[in-house]
Amino acid sequence: MEINSEDEYRLETSAWLAENIDLIEEKQPFSTLHWMPSRGRENQHHLDCQQRQKKLYDAGYAGVTVPTEYGGHGGEPWMQRIFREEAAGYQVHTGFFNSIISMTLPALLKHGTEEQKKTHIPSLISGEVSWCQLFSEPGAGSDLAGLATRAELDGEEFVIHGQKVWNSAAMYADMGILLVRTNPDAHKHEGITFLLFDMKQRGVEVRPLIQAHGAGHFAEVFIDGAKCHVSNVLGEVDKGWGPARAVMSNESAMIGGASGDNPQQLIQLAQELGKADEPVIRQKLVAVYVRNKLLKIMSGKISAAVRKGMSPPIHPSIVKLYVAHNRRLEGDLAQWLLGAAGVVVTNKASEWAMELLHARYPISIGGGTDEVHRNNLGEQALGLPRDIRVDRGIPWKDIPKG
Ligand SMILES: Cc1cc2nc3c(=O)[nH]c(=O)nc-3n(C[C@H](O)[C@H](O)[C@H](O)COP(=O)(O)OP(=O)(O)OC[C@H]3O[C@@H](n4cnc5c(N)ncnc54)[C@H](O)[C@@H]3O)c2cc1C
């Protein structure tokens with residue numbers, strides 16, 4: 001058989017993975033969701049993910065298609081596809097590093113200056129610098145464009161005051177992608193600026209938030225007089241909504257791509273419990289298996305287009321809604337299989353099933369709620385009448401605020 005460069009790359013990749021990376025099932029039979037570690041494991045999880053990101057980068061498997069002048073490996077999109085295929089089943093996920101890179105890298109490549117790309121992309125894709133997303137505020141989540149954190153220009157620097165919330169991994173972050181209000185007289189979408197913001201400075205206080213089940217995935221960030229040089233504006237002053245939308249669209253696609261291997265674990269659980277031959281269980285297993293495969297196909301198509309700099313061929317809201325629905329079906333099935341043991345935590349499988357049960361909530365809120373994504377689809381894909389917007393055409397400063 002003739003060996004072409006794709007075959008060679010596949011052989012090299014599979015040999016490297018076998019040598020360097022653990023298999024998922026060997027490491028963790030009922031592994032918890034990659035992006036939200038179980039309680040008490042957050043710090044170690046972050047360090048493990050950072051080390052893994054660096055290992056992948058050093059071997060040429062992170063930043064594969066990023067141009068070499070920005071610290072990438074200058075490879076072809078098919079290399080990334082082959083890596084994804086070969087890496088299925090290996091512990092290659094890098095948690096929030098994967099998320100923030102998927103959101104930030106395309107925005108930097110598209111809207112960044114040469115200097116910004118050369119300064120930030122190499123350490124972003126290698127994981128050496130940790131980033132977080134500073135978008136949501138107590139009064140601006142679904143209505144993100146209503147954000148109130150203000151930045152005023154003082155010479156060459158913005159001076160910033162405000163509060164952000166629900167910021168994943170902000171307690172570890174060196175840098176943040178930050179949205180601020182720079183022109184309160186403009187309409188709400190028009191006076192926003194996108195900053196590449198240094199988190200390690202006076203005037204930035206990061207307070208970890210503990211979730212109901214004890215895990216600490218988020219923080220809230222208080223900014224009181226912190227500064228950001230104008231050279232760190234991504235895009236143009238007052239025109240940050242464009243790059244912000246790009247980040248949100250990539251976020252939805254990324255969440256869809258994090259479809260995980262829950263169906264395999266559900267099949268294993270059914271087998272271990274001796275229930276894999278029951279017709280109703282088999283039907284439910286097939287449903288979650290097929291939906292997971294469809295999700296992978298959809299998110300693969302979106303990723304391929306994004307890597308080529310094209311618009312996603314499938315509306316990212318479809319994928320975001322699909323993954324949230326899958327998580328509900330998977331959580332229900334895990335509980336169905338375990339019965340009472342699913343809620344009385346007695347072993348690793350039950351603990352995993354409990355986390356899967358809880359996972360339906362963050363997945364249907366983070367990256368935009370299900371309701372908001374349905375609105376997006378209604379308006380943008382189906383052409384239905386637009387939602388009523390009482391603040392249309394009003395300067396941001398005159399919009400009544402709660
Ligand atoms: C796991 C996770 C990770 C996150 N990570 C980050 C992060 O790193 N950085 C960051 O900045 N933010 C992050 N967030 C915050 C997230 O973006 C917001 O929680 C989300 O946008 C919803 O905003 P909200 O919580 O203010 O809810 P609200 O906007 O107050 O919504 C409350 C309810 O009203 C509904 N609603 C609101 N508007 C409409 C409408 N027009 N039509 C119909 N229903 C509507 C919503 O669907 C929801 O049910 C994260 C959230 C989660 C759960």
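This is a short talk on a few helices, two single residues and the ligand site of one structure.

Hi everyone, thanks for coming. Please keep in mind that what we have here is a predicted model.

Let me begin with a pair of helices. Two packed helices are described by the angle between their axes and the distance between the axes. For helix 8, residues 262-272, and helix 10, residues 316-338, that angle is about 10°, and the axes are 10 Å apart. Angles under 35 degrees count as roughly parallel, and helix 8 and helix 10 are therefore roughly parallel to each other. Who makes the contact? On the helix 8 side we find Asn262, Pro263, Leu266, Leu269 and Ala270. Helix 10 brings Arg327, Glu330, Leu333, Ala334, Leu337 and Leu338. By character, the residues of this contact are eight nonpolar, one polar and two charged.

Staying with helix 10 for a moment, have a look at Asn326, which sits in that helix. Is Asn326 buried or exposed? Its relative accessibility is 2%, and buried means under 20%, so Asn326 counts as buried. Beyond its neighbours within four places in sequence, Asn326 is in contact with Arg291, Asn292 and Leu295.

Now on to helix 11, residues 348-358. At its N-terminal end there is a cap, provided by Asn347: a side-chain oxygen lies 3.1 Å from the backbone nitrogen of Ala349. Ala349 is also one of the buried residues of helix 11, together with Ser350, Trp352, Ala353, Met354, Glu355 and Leu356. And what covers those buried residues? The cover includes our earlier pair, helix 8 and helix 10, and also helix 12, residues 360-363.

Next, the part I suspect you have been waiting for, the ligand. How many residues surround the ligand? There are 19, and the closest are Ser136, Ser142, Trp166, Thr369 and Glu371. Two of the polar contacts come from side chains: Ser142 places a polar side-chain atom 2.6 Å from an oxygen atom of the ligand, and for Glu371 the corresponding distance to a ligand oxygen is 2.7 Å. Phe135 takes part through its backbone, with a polar backbone atom 3.0 Å from an oxygen atom of the ligand.

Last stop, a loop. Gly89 is found between helix 4, residues 77-87, and helix 5, residues 95-111. With 30% relative accessibility, Gly89 counts as partly exposed. Gly89 and Gln44 are 45 residues apart in sequence, and their C-alpha atoms are 22 Å apart in space.

That's my tour, and I'm happy to go back to any of these places on the screen.

Definitions and conventions: Residues are numbered from 1 along each chain as its sequence is written. This is a predicted model: local features need pLDDT of at least 70, side-chain atom pairs count only at pLDDT 80 or more; totals for chains, interfaces and linings use all residues. Side-chain values use heavy atoms; hydrogens and water are left out. Axes are lines fitted to C-alpha atoms, for helices over the stretch in contact, and angles run from 0 to 180 degrees between N-to-C directions. Helices (H or I, at least four residues) and strands (E, at least two) are DSSP runs, numbered from the N terminus. Angles under 35 degrees count as roughly parallel, over 145 as roughly antiparallel, 65 to 115 as roughly perpendicular and the rest as oblique. Contact means heavy atoms within 4.5 Å. Ala, Val, Leu, Ile, Met, Phe, Trp, Tyr, Cys and Pro count as nonpolar, Asp, Glu, Lys and Arg as charged, and the others, Gly among them, as polar. Buried means under 20% relative accessible area, exposed over 50%, partly exposed in between (1.4 Å probe, protein chains only). A polar contact is a pair of N or O atoms within 3.5 Å; within protein, one must be able to donate a hydrogen and the other to accept it, and residues adjacent in sequence count only if both atoms are side-chain atoms. A residue is near a molecule or strand if one of its heavy atoms lies within 4 Å of it.
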